[in-house]
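Student: I have a structure open on my screen, and I would like to talk it through. Could you take me around it, one question at a time?

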Amino acid sequence: MRLPFIGSIFRQTPDSHQGPDDDRALLEDDALNIPLESNEPASDSDPGPPGIAPRSRHYSGPSCIKLGPSVLIITILAALLLAIQHPPSGSTRTNDGLLPCGGSRYSINDHTCYHGNFLCPVVDRKRTLQCGNDCYLPQEFLCNGEQLVQIHGNNSTVKPPSNGADPESCTSRYLHLSDPPYENYFMSDCSSASQVVVTSPLADSDLGIIGPRLLIAWPAGNSGIVAYFSPENGVNGTLGISLANNATTNHTLNPLIGGVSGVLSLNSSAILDLAILGSIRTIRQFIEGPSTISPRIQDGIKVQQLPDGGIQLSRIWLDKITETFITIHGLTGASIPINNGQPHFGAGAYVFNAWHNYPQLDQLGATEVINPASQSIISQNQDEVESLAFLSYSSKVLAGAWRFLTYFGRDSLISLLMLRPILSEGGGGAIEAIISAAIERIDSKDGSVCHEETIGDFATYLNEQQGLDSTDPQCDYKMIDTDFFLLITMNEYFVNSDVGKARHEEFLARNASVLPANRGIVYRDLALATAEKIMKLSADFEQSPVKENLIHLNQGEMVGQWRDSPNGLGGGRIPYDVNTALVPAALKAIASLSNSGIFPSHADWNTIASKRATFWEDNTLSFFQVNIAVDKARELVENYVSATGFPGEVNATDLEAPVIFHGLALDGKDHTPIVKVMNTDDCFRLFLLNSTDQTQLATFLSSVADNILRPFPLGLSTPVGLVVSNPAYGGDTVIIKEFTESAYHGTVVWSWQLAMMASGLERQLERCDHEQLTYCTDEALRKRVIEAYNHLWNLIEANRGHLSSEVWSWVYRDGNFQYTPLGALPPPEGQSPVESDIRQLWSLAFLAVKRDERWI
């Protein structure tokens, strides 16, 4: 495993705030007061250490004061905090399951310790934050110069401390998904949501990229922890790690307030080489980048030796408020020594508790995400629905777990389009959460829709790099496709849904509140800015349909649409999907929205945008068409097989007709006119447009069907699914090593592309029921399209076990393509390794996309 030495990995600190009795056991073994016996692997002989001390919510003296007529503010004086659960002087050492905070001791689920010496209580399963000598809920107050300020316009009341949330409203949800060498665990309740990923090498793993690793990811703040282990004997590949099952709950995890608890088993002695605490962005960039971390972030990690022999790692975020913690101690009392800043573990089982105090998101439950008419799928597809619920919150829906646990505009908007038949509508529903999140993050200056938000610790870090002392979120606006998807989804909901029709006035009258620059701007004006941008960008091509007037990537950017890895477009600057599908579809949406009165200041868009949409639809496809004669196509395939050493059987003579496809992009590297890589992006045009040019439609459907049915590398089909890229016909104009089976957008399979392709083919077949189309009367062509549809669905059903993951790849073994996780393969030369999310939002599309039995 590639683990560079980064100075001192931890900063070991003395127990400067310990009281006189801090030689007592300090680690909370089980946050939910479950005796440790039930948290360890089943055993008849070892009763395990004692259980947990009872939780307490007792406060002696005033714990809150009034602010205004009805608003309560939680105030804990320093003297009071020092008294909470403070052990009497001279007490004997006991394993009370408490942690030190100055001279006091506390339970993880009852308090948060700030800066090692200040306690704030948990209130109604929410961690309060410190502000000077006060504690507060961030939903109600802001901290300004150590003084609390009520959030403007918020007249709600903070509830006083209670004995806990209603058990029925705080049911924990657990999910285990296996994708060796990765084991994924999800745990959530009303107080937190956590994903834990345990990586342990297999016998055939590439030890250069796969090593023992514990990763914990939280949607709140897009934050988490990663810990890398190595065998103490130095023999790479001999250390195995896993989570032990709780014999009582049959789960491996228990929820904490703002975190998670579990038992990690090591099969041999190990060293904790590296830990990163803070942002998932920091962790992701370390794993997928040059494996370096800014000392500004890493130097903040502290490690403490706890008196019971355990350890605590913690880090205060750059905001100087939020803190991430992880405690580890031996299940049987074994000590964890720290040598040269590195914890050393013997073989055995270790309890870990990981938590942070960033404000939690309001998660939607399964019944809240799924609309009333589709509730039956909750029991029919339990794992997939629970995955969708884990990613769904009242303010936004997240892109994927673990690498993309935050807002991504394109991902959520595409997901809405494919999942709309089952998603909840109306206020508080999933659809409005998705649209609202996108509108909130529009750049009000030019109408660009945010691709990815940066929040939490990484936002503070980026602000610092720009000379700003701020924790405000940032947005990435370099993608050019997200603008178009927003208008398409708005039309789908506010025009094509009865609920949406009745909701648009109220919804679009909301004031934005997420980005400081947008606060107070109504949603309607933000959406209008995006529509105006699209109308402006699309105007020149209608007047002069030349390549220069097509939509290009932004100046200086290498990416701009869904193939957003550095080589995803093969160096192209004018993407196929954006120009031939997204632009005309968005223009149609603008015309429809205008016709429904949503853009009253541009009533003429009803006709202008509609006419322009048809022009783009009819006149862009030809720019991207690649037509290769049979003999030349055979030669190119044979050269590709020879150059790559492709091990499968390939018979180029099976090509009996010209090969026709549409290139990934125009203006490729070295002035290449077209990036001649066959691809699956035809799905956008199938799914979003009902083309009316009869000749063009027939030719397009014929080529799509042929490329689906032909086996790779003649076409796109493999037993593990359709590869999203096939560079075999590129010849010297394409760098083949950029499109391999280990490249993020290479000869790999993306689940949502399968779903959109299947849904798009179905839409085109259904048109024959109510439209007079030339292709519908061409019996041979229609039969070919139906054949491609069924072949695709056969592949989908054969790979059902992988469909909810982000992307997967293959190895050729025993005469066939065999599934393998993308992250298990070494990256292409010159590229960093990339993992795949076990659950990706848009890969859950098959909850709504189903095979139509009429075409079998």
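**Sheet, cores and disulfides**

Tutor: Gladly! Keep in mind that this is a predicted model.

Student: Which strands are the edge strands of the open sheet of 8 strands?

Tutor: Follow the order β13-β14-β15-β16-β17-β21-β26-β25, in which the pairing is antiparallel. An edge strand pairs on one side only. That description fits β13 (173-179) and β25 (338-339).

Student: Inside that sheet, what is the bridge partner of I271 in β26?

Tutor: Start with the two strands: β21 covers residues 270-279 and β26 covers residues 342-345. They run antiparallel and are joined by 2 bridges. For I271, the bridge partner in β26 is H344.

Student: Which helix lies across β13, β14 and β15?

Tutor: Two helices are worth checking here. Helix α2 (residues 280-288) lies across β16 (213-218), β17 (223-231) and β21, at about 130° to β21. The helix across β13, β14 (182-189) and β15 (192-199) spans residues 382-390 and runs at about 110° to β13. That one is helix α6.

Student: Let's move to the nonpolar cores. Which helix gives the most to the largest one?

Tutor: In general, nonpolar side chains tend to be buried together in soluble globular proteins. Here the largest nonpolar core has 190 residues, and I435, I439, L486, F684, Y729 and Y775 touch the most other members. With 12 residues, the helix that gives the most is α13 (residues 576-595).

Student: And which residues does I439 touch, leaving out those up to four places away in sequence?

Tutor: I439 is one of the residues that touch the most other members of the largest core. With those sequence neighbours left out, its contacts are L486, M490, F507, L508, Y523 and L526.

Student: How many residues are in the second, separate core?

Tutor: Among the members of this second core are F229, A270, I301 and I336. The core is separate, and its residue count is 33.

Student: Now the disulfides. How many places apart in sequence are the parts tied together by C120 and C135?

Tutor: The structure holds 4 disulfides. In this one the sulfur atoms of C120 and C135 are 2.0 Å apart, and the link is left-handed, with -80° about the S-S bond. C120 lies in strand β7 (residues 118-123) and C135 in strand β10 (residues 134-136), so the separation of the tied parts is 15 residues.

Student: Is the link of C131 and C143 left-handed or right-handed?

Tutor: The sulfur atoms of C131 and C143 are 2.1 Å apart and form a disulfide. C131 lies in strand β9 (residues 129-131) and C143 in strand β11 (residues 141-144), so the pair ties together parts 12 residues apart in sequence. The angle about the S-S bond is 80°, and the link is right-handed.

Student: Is C143 buried or partly exposed?

Tutor: Its partner C131 has a relative accessible area of 1%, so C131 is buried. Buried means under 20% and exposed means over 50%, with partly exposed in between. C143 has a relative accessible area of 31%, so C143 is partly exposed.

Student: One last thing: why is the disulfide of C768 and C776 left-handed?

Tutor: The sulfur atoms of C768 and C776 are 2.0 Å apart, and both residues are buried. The handedness follows from the torsion about the S-S bond, so the value to look at is about -85°.

Note on methods
Residues are numbered from 1 along each chain as its sequence is written. This is a predicted model: local features need pLDDT of at least 70, side-chain atom pairs count only at pLDDT 80 or more; totals for chains, interfaces and linings use all residues. Side-chain values use heavy atoms; hydrogens and water are left out. Two strands pair if DSSP finds at least two bridges between them. Helices (H or I, at least four residues) and strands (E, at least two) are DSSP runs, numbered from the N terminus. Contact means heavy atoms within 4.5 Å. Axes are lines fitted to C-alpha atoms, for helices over the stretch in contact, and angles run from 0 to 180 degrees between N-to-C directions. A nonpolar core is a set of buried Ala, Val, Leu, Ile, Met, Phe, Trp, Tyr and Cys residues joined through side-chain atoms within 4.5 Å. Buried means under 20% relative accessible area, exposed over 50%, partly exposed in between (1.4 Å probe, protein chains only). A disulfide is a pair of cysteine sulfur atoms within 2.5 Å.
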